Amino acid sequence: MGERLTPGDPAPDFTLPDDTGTDVSLSDFRGKRVIVYFYPAAMTPGCTAQACDFSDSLEALRAVDTEVVGISPDEPEKLARFRERDGLTITLLSDADKSVMTAWGAYGEKKLYGKVVEGVIRSTVVVGEDGVVTHARYNVKATGHVARIRRDLGIE
């Protein structure tokens, strides 16, 4: 598992394919604040609730120059079905080899139903306009998390 990021750390850059197969890099968002969140699997109940919450909040977030990027190990084709099925408006990226998740501390040992397993750690990292981490939360809950991030960022 990679080291968890903390406020003040430079956000590791990445380039990953989106749901259309187009490469997207973190540096593409320089000059804007970016919420990068990691989730285990598209089209599962918790991940769907979280993606829909972020999509529902996107207009308010963009009003304050903030973008949202969701990253999972799902292939782009599955992400495309996820977007279509749920009308998602956020950027969805595929980290099939989990290298970005590992670099950001969002992949490794976690507890699942009382057992220690290796997998995606549901996490959210906020990166400032300058590419530096301003907030980092690990082992977050899928529901209610977007409202908490909005409160943390002072976004109504």
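Q: Okay, so I've got this much: two strands pair if DSSP finds at least two bridges between them. What kind of model are we looking at here?
A: This one is a predicted model.

Q: Cool. In what order do the strands of the sheet go?
A: The order is S5-S4-S3-S8-S9, in an open sheet of 5 strands with mixed pairing.

Q: Which ones are the edge strands?
A: Those are S5 (91–94) and S9 (133–138), and each of them pairs on one side only. Going from one strand to the next, the twist averages 15 degrees.

Q: Do S3 and S4 run parallel or antiparallel?
A: Parallel: S3 (residues 33–38) pairs with S4 (residues 66–72) over 6 bridges. To pick out one residue, Val34 has Glu67 in S4 as its bridge partner.

Q: And S8 with S9, parallel or antiparallel?
A: S8 and S9 run antiparallel, joined by 5 bridges. If you want a residue to find there, Val126 stands opposite His135 in S9.

Q: What about the hairpin, how many residues sit between those strands?
A: There are 5 residues between S8 and S9, and Gly131 in that hairpin takes a positive phi near 85 degrees.

Q: Gly131, got it. Where else does Gly131 turn up?
A: Gly131 helps line the largest cavity, along with Leu26, Phe29, Arg30, Lys32, Val34, Val127, Gly128 and Glu129. Val34 is also the residue partnered with Glu67 in S4.

Q: How many cavities of 30 Å³ or more are there?
A: Just 1. The volume of the largest cavity is about 30 Å³, and its lining residues split into 4 nonpolar, 2 polar and 3 charged.

Q: Switching to helices: which strands does H4 lie across?
A: H4 lies across S3, S8 (123–127) and S9, and runs at about 155 degrees to S9.

Q: Does H4 pack against H1 at some angle, and what is it?
A: H4 (residues 145–153) and H1 (residues 45–62) pack at about 30 degrees, and their axes are 9 Å apart.

Q: Why call H1 roughly parallel to H4?
A: Because angles under 35 degrees count as roughly parallel, and the angle here is about 30 degrees, which makes H1 roughly parallel to H4.

Q: Which residues make that contact?
A: From H1 you have Gln50, Asp53, Phe54, Ser57, Ala60 and Leu61, and from H4 there are His145, Val146 and Arg150. By class, the contact of H1 with H4 has 4 nonpolar, 3 polar and 2 charged residues.

Conventions:
Residues are numbered from 1 along each chain as its sequence is written. This is a predicted model: local features need pLDDT of at least 70, side-chain atom pairs count only at pLDDT 80 or more; totals for chains, interfaces and linings use all residues. Side-chain values use heavy atoms; hydrogens and water are left out. On a 1 Å grid over the protein atoms alone, a cavity is a set of points where a 1.4 Å probe fits but cannot get out, and a pocket is an open set with protein on both sides within 12 Å along at least five of seven lines; lining residues have an atom within 4 Å of a point. Grid points are joined across faces, edges and corners, and a volume is the space filled by probe spheres set on the points. Ala, Val, Leu, Ile, Met, Phe, Trp, Tyr, Cys and Pro count as nonpolar, Asp, Glu, Lys and Arg as charged, and the others, Gly among them, as polar. Axes are lines fitted to C-alpha atoms, for helices over the stretch in contact, and angles run from 0 to 180 degrees between N-to-C directions. Helices (H or I, at least four residues) and strands (E, at least two) are DSSP runs, numbered from the N terminus. Angles under 35 degrees count as roughly parallel, over 145 as roughly antiparallel, 65 to 115 as roughly perpendicular and the rest as oblique. Contact means heavy atoms within 4.5 Å.
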